[in-house]
Amino acid sequence: MENDQTISSLRGAPMRGIAAWRGVRMRRTLAAADPDSAPRQVALPAAWEQRAAEALAGLATGEGSVSVSAAAEAWVRPVAERGRRAGLQEDRSQDALGEALHALLASRRGTAGETVWQGLTTPRPGFALNLPSFHDVEYGFDHAGFAAAAGLAITALTLAVPMATRLAVGMHDLAGLLSRLGLAYDSAAARDIAASLAALLQASASLASAEMAERFGTQAQARPAPAAPATTVLPGLAEAARAAQAQAAARSGRRHEVVCALAAPDLAAALLGVETGGIAPAFSPLDDTGALTTTARSWLAARGMTAEAALAALLGGQSPFAAASPQAHAAMHDAVAPFMDEATSRPVQAGLAAPGTRRELPARRAGYTQKAAVGGHKVFLRTGEYTDGKLGEIFIGLHKEGPAFRGLMDNFAVAVSLGLQHGVPLEAFVEAFTFTRFGPHGTVEGDAAVGRATSLLDYAFRNLAVNYLNRTDIPEPQDEEADTMGDGPRDRAPLLPGLLDGPRPRRSALRLVAK
């Protein structure tokens with residue numbers, strides 16, 4: 001249900017006073033943040049994908065219709081007003097800070113995190129920067145704009161949550177930027193770019209935090225960081241990073257203990273069109289609708305390769321999309337983490353336990369909970385990990401199914417967990433349980449990594465394969481009726497001369513076998 005509309009037709013859409021949104025063609029659509037939420041009418045730029053509409057539905061407070069400009073203005077206006085009262089704008093008749101925050105969002109370069117949008121006061125507010133949006137095919141990477149956005153993020157978060165001393169300004173979709181540059185994720189050139197970006201982010205954020213300390217007080221010492229790489233294939237990036245580091249080192253302190261972090265993406269990142277969080281590699285060339293991702297299209301364009309040529313390569317047994325290994329992800333983490341105030345755990349692949357020996361999980365363990373719906377049936381997939389990041393247990397929670405089916409699924413998850421803890425490789429379970437067919441099945445909602453599933457087990461192990469094995473080569477399942485006998489083109493083909501016209505009765509296929 002989509003049709004082009006003018007955004008000003010929606011209730012509470014202050015389009016006339018916000019320069020960043022003037023002249024932007026908008027569309028109106030129904031969207032919900034998750035399958036269990038009631039859809040609401042949202043308006044956003046026509047070029048933005050449906051996933052962004054769903055993110056906006058979850059970010060905007062209240063109920064009913066909403067526009068992206070109105071939802072953003074709800075948190076931008078208080079920030080801009082506090083900035084005016086603090087004297088951050090010399091000309092108080094102009095709203096430079098508010099306009100800059102709207103412009104950053106309209107260009108999909110960055111925006112405040114989910115909690116800021118929803119007006120929540122948290123001790124660690126975040127801000128997402130979308131790396132591919134800073135790159136232009138003709139002009140290259142806008143490192144000056146990236147540094148300015150990092151400083152603007154610190155200013156906005158300081159004003160939004162004045163008491164917070166730990167901020168989490170993060171960069172996302174490194175894989176998307178590398179695909180635009182035509183650089184393999186597992187390359188020294190890619191790691192140098194990532195390290196330089198992290199150094200520029202940290203130094204620019206520290207400079208802005210030092211300015212906030214001079215204005216509002218409360219100084220903290222910056223975390224020491226190594227020197228940025230001497231050079232990168234992006235012109236000017238390494239030099240800009242080193243210059244920013246020198247300026248930051250000359251300042252005596254900053255207001256915040258933490259200014260930048262590697263963190264998981266939230267709804268704000270999805271609104272920006274982020275396809276991969278932080279520095280993670282691209283997991284799949286297909287999005288949740290089965291189309292090529294922006295990252296995949298950029299990768300093909302950088303190589304002068306059409307979609308038809310990519311398909312021909314796939315049919316010939318060669319994938320044009322090189323999957324990054326867990327070792328490549330770990331190497332990228334090692335290159336970036338020293339420049340960040342906070343970073344996620346290092347991704348590693350652990351060895352198997354000795355045969356017959358159970359490897360106990362720690363009492364307090366990491367993992368993730370994935371909420372999704374398969375054919376309209378809600379499912380929760382929860383994982384437990386060892387300290388080295390290796391999968392050690394799974395839980396599959398169901399919502400609509402009866403107690404017998406839920407009990408069977410619970411005990412199945414226990415059996416798989418015991419197998420994992422005794423050294424059975426996850427690959428074996430993936431091979432055994434993907435493509436298993438039983439209801440419920442169909443379209444998967446709520447999980448961008450899996451588009452369709454033939455069963456709840458098929459969904460669970462497709463998800464695990466993507467997140468723990470980096471498996472993006474498992475084919476998308478095809479819908480199949482329970483009884484297809486006589487329905488296919490081969491079954492409708494005539495078996496004997498003379499039966500060329502008219503309807504055919506349903507029957508099983510007859511094959512002639514010659515010895």
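Let's start with helix 7, which covers residues 188–216: 21 of its 29 residues are buried, so this helix is largely enclosed by the rest of the structure. Keep in mind as you look at it that the model is predicted. The length of helix 7 can be checked with simple arithmetic: at 1.5 Å a residue, its 29 residues should span 42 Å, and the C-alpha atoms at its ends are 41 Å apart, which agrees. Just after helix 7 comes Gly217, which takes a positive phi of about 85°.

From the helix, let's turn to a sheet. Here 4 strands form an open sheet in the order 5-6-9-10, and the pairing is mixed. Strand 5 and strand 10 are the edge strands, each pairing on one side only. From one strand to the next, the twist averages 15°. As background, strands of a sheet pair through backbone hydrogen bonds, either parallel or antiparallel.

Strand 9 is a good place to look more closely. This strand spans residues 166–172, and 6 of its 7 residues are buried, so strand 9 is largely enclosed by the rest of the structure. With strand 6 (residues 126–130), strand 9 runs parallel, and 5 bridges join the two. To find this pairing on your screen, look for Ala128, which stands opposite Gly170 in strand 9. Strand 9 also runs parallel to strand 10 (residues 258–260), to which 2 bridges join it. Here Arg166 has Val258 in strand 10 as its bridge partner.

Now follow strand 6 to Asn130, which is found in that strand. Is Asn130 buried or exposed? Its relative accessible area is 4%, so Asn130 counts as buried. The side chain of Asn130 reaches the backbone oxygen of Arg108 at 3.3 Å. Leaving aside residues up to four places away in sequence, Asn130 touches Arg108, Arg109, His172, Asp173, Leu272 and Val274.

Arg108 leads us on to the charged pairs. Side chains of opposite charge can pair when their charged atoms come close. How many salt bridges does the structure hold? The structure holds 15 salt bridges. In one of them, Arg108 pairs with Glu49, with the closest N and O atoms 2.8 Å apart. This pair links distant parts of the chain, 59 residues apart: Arg108 lies in the loop between helix 3 (96–106) and strand 5 (110–112), while Glu49 lies in the loop between strand 3 (40–45) and helix 1 (50–59). The two partners differ in exposure: Arg108 is buried, at a relative accessible area of 11%, whereas Glu49 is partly exposed, at 30%.

We have already met Arg166 as a member of a strand pairing, and its side chain also meets that of Glu342 in a salt bridge (2.3 Å, N to O). Again, the pair links distant parts of the chain: Arg166 is in strand 9, and Glu342, 176 residues apart from it, is in the loop between helix 12 (326–336) and strand 11 (369–374). Arg166 is partly exposed, with a relative accessible area of 30%.

Another salt bridge joins Glu431 and Arg471, whose closest N and O atoms are 3.4 Å apart. Their positions are 40 residues apart and link distant parts of the chain, with Glu431 in helix 14 (residues 426–433) and Arg471 in the loop between helix 15 (456–469) and helix 16 (489–492). Glu431 is exposed, with a relative accessible area of 54%, and Arg471 counts as partly exposed at 21% relative accessibility. Beyond single pairs, salt bridges that share partners join Arg124, Arg166, Glu257 and Glu342 into one network.

Our last stop is a hairpin. Strand 12 and strand 13 form this hairpin with 5 residues between them, and Gly389 in the turn has a positive phi of about 90°. The two strands run antiparallel, and 7 bridges join strand 12 (residues 377–385) to strand 13. One place to see the pairing is Gly384, whose bridge partner in strand 13 is Glu393. Of the 8 residues of strand 13 (residues 391–398), 6 are buried, so this strand is largely enclosed by the rest of the structure.

Conventions:
Residues are numbered from 1 along each chain as its sequence is written. This is a predicted model: local features need pLDDT of at least 70, side-chain atom pairs count only at pLDDT 80 or more; totals for chains, interfaces and linings use all residues. Side-chain values use heavy atoms; hydrogens and water are left out. Buried means under 20% relative accessible area, exposed over 50%, partly exposed in between (1.4 Å probe, protein chains only). Two strands pair if DSSP finds at least two bridges between them. The expected span of a helix is 1.5 Å times one less than its number of residues. A salt bridge is a side-chain nitrogen of Lys or Arg within 4 Å of a carboxyl oxygen of Asp or Glu. Axes are lines fitted to C-alpha atoms, for helices over the stretch in contact, and angles run from 0 to 180 degrees between N-to-C directions. A polar contact is a pair of N or O atoms within 3.5 Å; within protein, one must be able to donate a hydrogen and the other to accept it, and residues adjacent in sequence count only if both atoms are side-chain atoms. Contact means heavy atoms within 4.5 Å.
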